[in-house]
Amino acid sequence: MTKKVNIMTDTNAAIVNEAISERIKLYRSQKKMSLDELSRRAGVSKGMLVEIEGCRANPSIALLCRLASSMGVSVADFVNVAGKPAVHLIDASDIPVLWKGEKGGSARLLAGTSGPDMVELWQWILHPGETFESPGHPEGTSELLHVCEGKLTLILSEETYVIMKGCSAVARTDAPHAYTNDGNEVVVFTMTVSERAR
């Protein structure tokens, strides 16, 4: 994957990108991992890694997941919302937006544990007609979804599931999947991701 995505458009995105850049360099240094080694493990071009570490690209959620998994950490570690003993309070202004939809939707990583075994809590908003696609997470990854507003369509391994307001679902998401809003109302849902170390 070498495509730049979600190019920085505001100050908040720049702050998140700077944190991601610094932490990837830090974890790579701590693990004595070269750019070539991380590139090989994550299946990401060395050029893209240079762009990310240089704070010149805003990596997608899927790309962050691959990098985190390859380094034995979590995405929450990259954006500093990982839990620390015994309680780590996260101010509302410190909760990062890691995806912005074309029509105003967003994905916010509310909190997460440190990797390599990690749990993340997300809040998603999808406006009518918006879709988020994922190539799939590492083997054994599960997601718990709860729809607070609207009607969410989950597409997993070419099967379609509709999750109504007030309802929940458990999905194994180590295969390609997508979340979409096929309705006329905004969809708001929370998601917990559980990923075990490889």
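Helices here are DSSP runs of H or I with at least four residues, strands are runs of E with at least two, and both are numbered from the N terminus. The model is predicted, so local features need pLDDT of at least 70 and side-chain atom pairs count only at pLDDT 80 or more, while totals for chains, interfaces and linings use all residues. Residues are numbered from 1 along each chain as its sequence is written, and side-chain values use heavy atoms, with hydrogens and water left out.

**Exercise 1.** Work out how Arg-40 and Glu-37 are placed in helix α2 and how their side chains meet.

Solution.
- Step 1: place the pair. Arg-40 and Glu-37 sit 3 residues apart in helix α2, so about one helical turn separates them.
- Step 2: check the contact. A salt bridge needs a side-chain nitrogen of Lys or Arg within 4 Å of a carboxyl oxygen of Asp or Glu. This pair makes one, at 2.7 Å from N to O.
- Step 3: look at accessibility. Buried is under 20% relative accessible area, exposed is over 50%, and partly exposed is in between (1.4 Å probe, protein chains only). Arg-40 is exposed at 59%, whereas Glu-37 is partly exposed at 23%.
- Step 4: widen the view. Arg-41 joins Glu-37 and Arg-40 in a network of salt bridges.

**Exercise 2.** Find the salt-bridge partner of Asp-36 and say which helices the pair ties together.

Solution.
- Step 1: the partner is Lys-46, with 3.5 Å from N to O.
- Step 2: Asp-36 belongs to helix α2 (residues 35-42) and Lys-46 to helix α3 (residues 46-53), so the bridge ties together parts 10 residues apart in sequence.
- Step 3: Asp-36 is partly exposed at 47%, and Lys-46 is partly exposed too, at 39%.
- Step 4: for context, the whole structure holds 8 salt bridges.

**Exercise 3.** Lay out the open sheet and pick out its edge strands.

Solution.
- Step 1: get the order. Four strands run β4-β9-β6-β7, with antiparallel pairing; two strands pair if DSSP finds at least two bridges between them.
- Step 2: find the edges. β4 (131-134) and β7 (159-163) each have a single partner strand, so one side of each has no neighbour in the sheet.
- Step 3: zoom in on one pair. β6 (residues 152-156) meets β7 in the antiparallel sense over 5 bridges, and Leu-154 stands opposite Tyr-161 in β7.
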